[in-house]
Amino acid sequence: MNRMPRPEHMLVVDLSSGRMRREEIPPEFLRAYLGGRGLGVRLLRGRHTLSPFGPAMPLIFATGPLCGTPAPTSARLSVVSRSPLTGTVYDCSAGGRFAWRLRAAGLFAILVEGKSPRPVVLAVTSSGEELLAADNLWTKGVGETVRALSDRGSVAAIGPAGENAVLFSNIMMGEGNAVGRGGLGAVMGSKNLKAVAVDGDLRTPVADRERFDRARADVMRLFRASPVIFGELGISEYGTPALVDLMRQRRMAPTENFRRTVFEDSSAYSGPAIRAAYGAKKDGCFGCPIQCKKRASDGRSLPEYETVSHFGALNNISDLHTIVRSNNACNDLGMDTISAAATLSAWGEARGRFPSPEEIGPLLSDIAARRGEGDLLAEGSRRVAETLGRPGLSMSVKSLELPAYDPRGAYGMALAYVTSNRGGCHLRAYPISHEILRKPVASDRFSFSGKARMIKIAEDANAAVDSLVACKFAFFGASLEEYAELLAGVTGEDHTPQSMKEIGERVYLTERFYNAENGFTRADDDLPERFFTEAGSSGEGIEVPPIDRARFGAELTKYYRIRGLRDDGSFPDDGFLERQP
Amino acid sequence: MIAKYAEKLHRDRSVVTGRLGIAAQDDVMLSEGAPDLSRLAADVLSHLSCLGVVAAAPSLPFAEFLLRRAEAESIVPLDTETRTFLHDIPIVRRGKLAGNPAAAIAALLSKRKGVVAEGIGIVASGPVTLEQAYIHYSSVFHACHVKYLLDVLQDGFRLPGEEEAFRAFREERLRPPSAEELAFRPGPIETPEDVLAEVRAVGRYTVERGLVDSFFGNISYRVGDTIYISQTAASLDELAGCVDPVPTDNRSTTGITASSELLAHRRIYEATGARAILHGHPKFAVAMSMLCDVKDCPVKDCWKDCTRVRMLGDTPIVAGEIGAGGLAARVPPVIGGPGKAIVYGHGVFAIGKDGFGEAFRSMVDIENRCQEEYFRRLDTRAGGEKFKPSS
């Protein structure tokens, strides 16, 4: 193996002209933004107000400084652009093997701009890159596309949904991981880029091996001490569906488009049920010790918690095989499972009947093809509900469909949904970690007390995590304390949790500034009215009342103040970006 | 919240009365306690992206002695809790506290959870909640306590005032734990309501009698095919609503929030037929478990790799990491006969055939025996014999 060239480089691809060049990433960008989400957000500056489907809008694949090393859970990258679903700046972190192979090709990042006159595949190796004609792959599913490119390394591809501009289409990693939620598959499709394949043999250097190894041992010890990670009922054993029973017990599993918060039949798709039905085996991202992904004995990828809950409870479906088939269909069509299921659920409530198990498969195909009713459903729940004259039925924030944690059951989560820069996402501040999973400590899930600062700190910390790029699940055990040491070991430069949170704060505020320039205001930082007017499913000694709107608003104002924003959520001046590196 | 943790720190006797400052910030900074320490806590907190800071003079001078005895810039306790969660404890000497002590302390707290500041005491932060700052303070206090016991046994007293302070600790402060005046339900306990009530009561006893560091430890009771076990990061003195019922056949994963030692509890139940398990971190037992007189042993990481079963009186000592790391394999085979076992550098597991009374009294007995044995060795050491803590 050869050593990685330093400084770090990115490949800039202009699909309109077909020109490609490797250029050095300014070192000050890496110091100020680390990589991944942070680097992508920085590279987007100046083009953040362009249309997501405009040729000049970049689509950025950015790894992080730990990628390519044995740092646990770090074989990941972030994909950054502007979302056609939400209109916000958008990033998504994904694992698999793609990021690791991209680094091994001698690249820290790829920036794709322009629009190819015909479908192409970008093929990258450590010795060069080329654009391949992909007319034969256009219209093909993700699985067939990946198989066709299997001799070119790891593949990130879109399916028919991305080609047809479904607003919640994914970019799928060949290993089954998704760049999900915000429709970046459609951005890729708008550029006529069917897939990116990467391969290489370069090694990421570690500056201080002893320090790195010590930090890695600390991380692994914390993983082993974490019941959520390596506990016998944890995600390593059962994958994220380990949460199904817990969310049922906590009475916060969104059911029938969030009309209720308990689904009596949820045990049909719980972690143990999936293991029993499919002989689930451990699988996961390159080099990850957790192996939270699960595959059936026949090799099929098995669904995550959000997927089983939303194709299950949210649509009133208890048939596990329907849920697994829906997951596989979405993966092959290249669509986000959360938004697909939530959009079907909103549509179902609007028409007075949730889709039956038999209807789900054809509906998913119709969405990906924009055929019949699928054409409207491909627009996501907000546009569907508005078109049907029932805007209140879209359970979304900034047009991003909410995942499977009902905000009436976790008030930090309620606040975090609205402050998330990419819309209704659970992973930005991830308060489920302390409100439900008690990591690193427990907080009172039915209280707003202290939540404004908790959410702010967690958003900053997780922006740093997304810039490293590491997996959020690692932080059910470890903390930035150990990951700062890993980073110091790799780079040879000192980092601390505090310095990383400051980087995260810069990333978060930059994103918010971009969103503000795209017209987002405090009015967009709001939950659907249902959560303030309708109770969840109380019982078993747990009361799930509607959220107190006045208290929610007060905590949001507090959050803005902690962030240094005005009470209306705006920036106190227009010069924020100029002050950033 | 500030008042709650101030009261806890005083109640568990880990701070000098009145020498405590706590700061917490939401959209405004709040601080309470001794004026100098609350001001320091607030100043430190203003440098950090955290929820809370505790700054206090510990009720024992052991952390200060460790700082002054240390040649490096950190204290490195070798007990398992510290290895796992704190890693090491940075120290800041008086010279670096001149000028802007808050900045000097905050610089170290930006890397670790707690620091020892010369002439001030222990300062700890809580990144997510104020409770975390309390926990981290308490963990540093506990870690320094255990390490100092071992260091004194190994190296004797080195500094002026140490011997006198230690004598005062031994003769005036030390209260051997006891089970006296505590009421335990006779087993077997059959209904979930009774189990939960007893688990809450015994958890509280364990904290009140000083058998844990801060409030950590875990407790469980088995009824039929259900294990009722305290949740991870649960305060043993506040277990209402923090006990998970976990089916033994794993048909539900609700227990994903259960203690990290769930697997150990399950295996102990399988191996012994017991109904009750109590796990705590009594300091003398933790310290004594780390003493080994085997010379030239090839095992370097004794705390996790030692496969021997050593005996401390009639109590077996085994090694093993927390959680999925090995403890769950090594404790069950040895605990059935004696009804108790010590995990190297970690704490005590004790079982009850039917109820918690037996387990609690076993833990008390172990700690008292370890205390007696510790002072016997210390007194013997004064006569010239040394015992070397293993790594």
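This report walks through contacts, domains and the nonpolar core in a predicted model with chains A and B.

Local features here need pLDDT of at least 70 and side-chain atom pairs count only at pLDDT 80 or more, while totals for chains, interfaces and linings use all residues. Residues are numbered from 1 along each chain as its sequence is written, and chains are lettered from A in the order in which they are written.

**Where the chains meet**

Let's start with the A/B interface: 42 residues of chain A are in contact with 38 residues of chain B, where contact means C-beta atoms, placed from the backbone, within 7 Å. On the chain A side, helices that each supply at least two residues include α7 (209-224), α22 (497-517) and α24 (549-563); helices are DSSP runs of H or I, at least four residues, numbered from the N terminus. The largest share, five residues, comes from α20(A).

**Two domains in chain B**

Chain B is split into domain 1 (2-173) and domain 2 (192-382), with bounds from an automatic or database domain assignment. Their centres, taken over C-alpha atoms, are 27 Å apart. The contact takes 18 residues from domain 1 of chain B and 16 residues from domain 2 of chain B. On the domain 1 side, α4 (80-86) and α7 (130-155) of chain B each chip in at least two residues, and α7(B) gives the most, with 10 residues.

Here is how two of these contact sides divide by class. Ala, Val, Leu, Ile, Met, Phe, Trp, Tyr, Cys and Pro count as nonpolar, Asp, Glu, Lys and Arg as charged, and the others, Gly among them, as polar.

| Side | Nonpolar | Polar | Charged |
|---|---|---|---|
| Chain A, touching chain B | 19 residues | 11 residues | 12 residues |
| Domain 1 of chain B, touching domain 2 of chain B | seven residues | seven residues | four residues |

**The core**

A nonpolar core is a set of buried Ala, Val, Leu, Ile, Met, Phe, Trp, Tyr and Cys residues joined through C-beta atoms within 7 Å. The largest one has 320 residues, and B:Val123 is among the six that touch the most other members. α7(B) supplies the largest share of this core, 15 residues. Both domains of chain B give residues to this core, so it lies between them. Among the residues that B:Val123 touches are B:Val44, B:Ile105 and B:Leu109.

**A closer look at A:Ala414**

A:Ala414 is in helix α18 (residues 411-419) of chain A. A:Ala414 counts as buried because it has 26 C-beta neighbours inside 10 Å; the cut-off for buried is 20 or more other C-beta atoms within 10 Å. Beyond four places in sequence, A:Ala414 is in contact with A:Pro407, A:Leu527, A:Ile547 and A:Phe552.

Technical notes. Buried ≥ 20, exposed ≤ 12 C-beta atoms within 10 Å, placed from the backbone. Contact = placed C-beta atoms within 7 Å.
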